[in-house]
Amino acid sequence: MEHENYQRQLELLLARLGGRRPRLLLHACCAPCSSYVLEALTPYFDITVDYYNPNIDTAEEYAHRAAEMRRFAAQAAELSAPVEVLVAPYAPEEFYAAARGMENLPEGGARCWACYRLRLAHAAQLAAAGGYDYFCTTLSISPHKNAQKLNEIGRETAARYGVAWLPSDFKKKDGFKRSTQLSAEYGMYRQDYCGCVFSKRELAARAARQAGASAVPRAGCPVQEPAPPAGARAKP
Ligand code: SF4
């Protein structure tokens, strides 16, 4: 199937706004991933961030990422407009119910689609209830996240809840690179695993296979260098 260019679709939509500032409900997984997305979108939208990530494995990690999210939204000089951040209560049972039966699947497969679906549904429900014009997620900025799948699920979710999906692929146009710059500039906490306990175990198993310190960890969401291809030498 031919891949759609969601970055191009976003650019066309922005060009048609003609100075209007629609309201956007933006699901955010963490501060590093949201940094570039907020920088890119605050010139065009009035944005409310939805921090809802029940996939995260511990309450401490959840709170830490939420605090970083709030800190960036409050401090970032790069933002063209104030950003409100809504932090949902930590509800890991919602993720475990969605992931049931898929616990042992590798990252990047059906468990992740269910995880995307869960988080996008939360954002869409909030957007519909609050009368927002669009909803979206920061997730596509990660080189480890499937933008085609995210946009497909975004459209399905939009139809289900009656609110428009903002097409996007934020890793394009050097979005991921810019997020690494902003993360360094703001001294952000940069987690080294996607979020769920299964991704943490997968990371640990990979590191063990790659013989410890020389291994380059793979990260699902955070601002980290992508893993080397299979068979590649680990960095010295
Ligand atoms: S690896 Fe990441 S996207 Fe996949 S299920 Fe775990 S937290 Fe969700």
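## Overall architecture

Of the 236 residues in the chain, 42% count as buried. The model is predicted, with a mean pLDDT of 90 for the chain and 89% of residues reaching 70 or more. Confidence is not uniform along the sequence: over residues 223-236 the pLDDT stays under 50, and for this stretch the model has 23 contacts beyond four places in sequence.

The secondary structure consists of eight helices and five strands. Read from the N terminus, these elements follow the order α-β-α-β-α-β-α-α-β-α-β-α-α. Among contacts between residues at least 6 apart in sequence, 73% join residues at least 24 apart.

## The parallel sheet

The five strands form an open sheet with parallel pairing, in the order E3-E2-E1-E4-E5. Its edge strands are E3 and E5 (164-165), each of which pairs on one side only. Helix H5 packs on this sheet and touches E1, E2 and strand E4 (134-137); the direction of H5 makes about 155° with that of E1.

Strands of a sheet pair through backbone hydrogen bonds, in either a parallel or an antiparallel manner. In this model, E1 and E2 run parallel and are joined by five bridges. His-27 stands opposite Asp-50 of E2. E2 is also joined to E3 by four bridges, and these two strands again run parallel. Here Val-49 has Val-85 of E3 as its bridge partner.

Strand E1 is largely enclosed by the rest of the structure, because four of its five residues are buried.

## Helix H2 and its surroundings

Helix H2 spans residues 31-41, and nine of its 11 residues are buried, so this helix is largely enclosed by the rest of the structure. The buried positions are Ala-31, Pro-32, Cys-33, Ser-34, Ser-35, Tyr-36, Val-37, Leu-38 and Leu-41. The cover over these residues includes two strands, E1 (23-27) and E2 (46-51), together with two helices, H3 (59-75) and H7 (175-185).

## Helix H3 and the Pro-89 loop

Ala-66 lies in helix H3. With 20 C-beta neighbours inside 10 Å, Ala-66 counts as buried, since 20 or more is the requirement for that class. Leaving aside residues up to four places away in sequence, Ala-66 touches Tyr-51 and Val-87. Ala-66 and Leu-86 are separated by 20 residues in sequence, and their C-alpha atoms are 9.3 Å apart in space.

Pro-89 is placed in the loop between strand E3 (84-87) and helix H4 (92-99). With 7 other C-beta atoms within 10 Å, Pro-89 is exposed. The C-alpha atoms of Pro-89 and Tyr-62 are 9.5 Å apart, while the two residues are 27 apart in sequence.

## The ligand shell

The ligand is surrounded by 11 residues, of which the closest are Cys-112, Cys-115, Cys-194, Cys-196 and Ser-199. By residue class, the shell divides into five nonpolar, four polar and two charged residues.

Two helices, H5 (110-130) and H8 (197-209), each supply at least two residues of the shell. H5 provides the largest share, with three residues. Helix H5 thus has a part in two settings, as a contributor to the ligand shell and as a helix that packs on the sheet.

## Positive phi values in the loop before H7

Lys-173 is found in the loop between E5 and H7. Its phi is near 55°, a positive value in a residue other than glycine. Lys-173 has 14 C-beta neighbours inside 10 Å and therefore counts as partly exposed.

Asp-174 also lies in the loop between E5 and H7. Phi of Asp-174 is near 60°, again a positive value in a residue other than glycine. Asp-174 counts as exposed, because 11 C-beta neighbours fall inside 10 Å and the limit for that class is 12 or fewer.

Technical notes
Residues are numbered from 1 along each chain as its sequence is written. This is a predicted model: local features need pLDDT of at least 70, side-chain atom pairs count only at pLDDT 80 or more; totals for chains, interfaces and linings use all residues. A residue is near a molecule or strand if its C-beta atom, placed from the backbone, lies within 6 Å of it. Ala, Val, Leu, Ile, Met, Phe, Trp, Tyr, Cys and Pro count as nonpolar, Asp, Glu, Lys and Arg as charged, and the others, Gly among them, as polar. Two residues are in contact if their C-beta atoms, placed from the backbone, lie within 7 Å. Two strands pair if DSSP finds at least two bridges between them. Axes are lines fitted to C-alpha atoms, for helices over the stretch in contact, and angles run from 0 to 180 degrees between N-to-C directions. pLDDT is the predictor's confidence in each residue, from 0 to 100.
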